[in-house]
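Student: Could you take me through one part of this structure slowly, starting from a single pair of residues and working outwards? I would like to see how the pieces around that pair fit together.

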Amino acid sequence: MSKIKFFIQQSWLLLVCSLFFGLLLAGANAVWTPRIEQNKIDKLNKLMSSLIPAAKNFQLAGTLTINSAKGKPIPTDLYKALAEDGDCIGYCFNTAGPGFTDKIELVLAVDKNFKKIAGFNVLSSNETPGFGDRIKQPYYRNQFAGAPAGPLDLEKTGDPKKIDSEIVAITGATISSEAVVDIVNNALPQLKKQMKQKGLIEDGN
Amino acid sequence: METNTQNPPSIYKQTLLAGLWRENPTFRLLLGMCPTLAVTAAVKPALTMGLAVVFVLLCSNIVVSMMRNLLKPHLRILMFTLTIATFVTIVDLFLKAYLPKMSETLGPYVPLIIVNCIIIGRAEACASKNPILISIIDALSMGAGFTISLCVLASIREILSTGAIWEINILPKTFVPWAAMRMPVGAFITLGLLLALVNVITAKSKSLQTQKNSK
Amino acid sequence: MDTLTTLLLTFISIVLINNLVFTKFLGICPYLGVSGRIDMAFGMGLAVTFVVTLAGTLTFLLDHLILIPMNLEVTRYVCYILVIAGAVQLVEMYLKKFFPALYDSFGIFLPLITTNCAILGLCLFINLWGIDNLLEAVVLSFGAGIGFTIAICIMAGIRENLDLADVPKPLKGAPITLITAGLLTLAFMGFAGMIR
């Protein structure tokens, strides 16, 4: 009995404080979690709207699994872009792959027939500032808007304003440029196949 | 700053000014180096981190000062750590809810405030020995000193790496940005040079003081 | 065989490419304070490696077995730091009882390790990077410790030589150490892009 008394005498403050802090944390969590979740949804919506501006709404159409270039499965959320009248005008999904320094996460958008790429946005990347970081800038990103949804080739020289399956690399950032092209080339065929299987797009495309 | 042996107004003023220059946590005490180097790539994240540290310092100093007579010596550090961890979690949740972009930029450095030597150091050195008012002033002063030093470092790095401060362009467009300032290299070297500058200023003011005293 | 290659690449990536001290700014306080002599630096590095491997494994298990299933993720930071403090305490008591000579040589480093940002930082990074495999977490923790040891020993070697050089007065001490660290960071940047 005296052992328990000694224990309580030494640690009552610790127990009382733990209880108090626990309540404080639980309270803060309960109050702010809905806002945090909403922030995450807002961020994704904003990125997707900038790729398909005509869309009024984005609906989660399903969660697929794509294999990365090394065979590691990446869970991918597929979003349907809906216009004002409810028609599907495109699809958006997130994908990722290895970049120069770290992983690059992208949001890719394609048109409703999976024929053309609407563009991409970088969700997170850690590339070298001033070099690989320029994959976020219009010079590189605009080359993807309207490009065919087939295999893309990275070229070192060429006309970046011409929209076709050739992507001109950023000077001094060949590996980062190539990384983005590889991510797109890896994700598109797998997604196309899985979407056909689910009947989301017609066969013969 | 341990015990109140002088008349009240003077000790408060002394505590307030200490954190700002004489015992500035970054430049004189060399505490809390990790966030100093990590978040000072631009002024916005630096200011956010500084204010977060002020909040945690304030809350933890108040709580520790309230408990100071009840603490058992060998459970002391555990109590400090528990308090600090709770308040840091609250700050992290707040940032995620109201400033999501900043929260993403700061990333894992917000929870690293828990092991920031400044906060545990002040809890040990000041809050556990002094009444609430002095602890509050000490927290505000150390926090302000830390925030100011972060912002100074961040302004230098941001101006040289992007030509802008707080994303407002200041330098002319012909300025070629020094990308190295955004990378770890720039952080270490700028901080090293700033510390050297502080040493120069301290040495000069000391020599002026001895000259004055010998007259 | 494939797993072995992945683990080896993970290990190399955290020791050289994503070195905690040079790219993530973790563990700077002891890095500046203890890198005066090579033997002290090596001792500190070993102590950190030991603790970080233990802490990384324990926090990973805690996270996946208790926090996530029971939806207690809001207490993550509190739990992590308590586990780390507890692990350091346990290591100290164990060493004191069974390896007293080793304990004496560590000196005051062991208690100081609790506030080493590298340990908590690594546990948080394991969480942030979404590592879901215990073996990978153990390899990452061990690699982080080895990376820290390499960084601090290189710095100690350079500082021992700097003591004999003619450093200008304002730069003596912390400033020249920081500038050296910056140049080391630049050197380690050469490893970036090594693994695709």
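Tutor: Happy to! Let's begin with Val110(A), whose bridge partner in strand 5 of chain A is Ile117(A). Keep in mind that this is a predicted model. The pair belongs to a longer pairing: strand 4 of chain A, residues 103-111, runs antiparallel to strand 5 of chain A, and six bridges join them.

Now step back to the whole sheet. Five strands of chain A form an open sheet in the order 1-2-3-4-5, with antiparallel pairing. Strand 1 (57-67) and strand 5 (117-124) of chain A are at the edges; each has a single partner strand, so one side of each is left without a neighbour in the sheet. The sheet is not flat in its strand directions: on average, neighbouring strands are turned by 25° against each other, direction ignored.

Next, look at what packs on this sheet. Helix 1 of chain A, residues 2-51, touches strand 1, strand 2 (73-82), strand 3 (88-98), strand 4 and strand 5 of chain A. The direction of helix 1 of chain A makes about 150° with that of strand 5 of chain A. Helix 3 of chain A, residues 174-197, also packs on the sheet, touching strand 1, strand 3 and strand 4 of chain A. Its direction makes about 130° with that of strand 3 of chain A.

From here we can move on to the neighbouring chain. In the contact between chains A and B, 18 residues of chain B meet 18 residues of chain A. On the chain B side, helix 4 of chain B (residues 76-98) supplies the largest share, ten residues. Sorted by class, that side has 13 nonpolar, two polar and three charged residues.

Finally, let's look at the nonpolar cores. The largest has 111 residues, and those touching the most other members are Val56(B), Ile114(B), Val51(C), Ala118(C), Ile119(C) and Leu120(C). Helix 8 of chain C, residues 134-162, gives the most to this core, with eleven residues. To see one member up close, take Val56(B): leaving aside neighbours within four places in sequence, Val56(B) is in contact with Ile84(B), Phe87(B), Val88(B), Val91(B), Ile113(B) and Ile119(B). Apart from the largest core lies another, of 36 residues, and this one brings us back to chain A: among its members are Ile52(A), Val180(A), Ile183(A) and Val184(A).

Methods:
Residues are numbered from 1 along each chain as its sequence is written. Chains are lettered from A and ligands numbered from 1 in the order in which they are written. This is a predicted model: local features need pLDDT of at least 70, side-chain atom pairs count only at pLDDT 80 or more; totals for chains, interfaces and linings use all residues. Two strands pair if DSSP finds at least two bridges between them. Helices (H or I, at least four residues) and strands (E, at least two) are DSSP runs, numbered from the N terminus. Axes are lines fitted to C-alpha atoms, for helices over the stretch in contact, and angles run from 0 to 180 degrees between N-to-C directions. Two residues are in contact if their C-beta atoms, placed from the backbone, lie within 7 Å. Ala, Val, Leu, Ile, Met, Phe, Trp, Tyr, Cys and Pro count as nonpolar, Asp, Glu, Lys and Arg as charged, and the others, Gly among them, as polar. A nonpolar core is a set of buried Ala, Val, Leu, Ile, Met, Phe, Trp, Tyr and Cys residues joined through C-beta atoms within 7 Å. A residue is buried if 20 or more other C-beta atoms lie within 10 Å of its own, exposed if 12 or fewer, and partly exposed in between; C-beta atoms are placed from the backbone.
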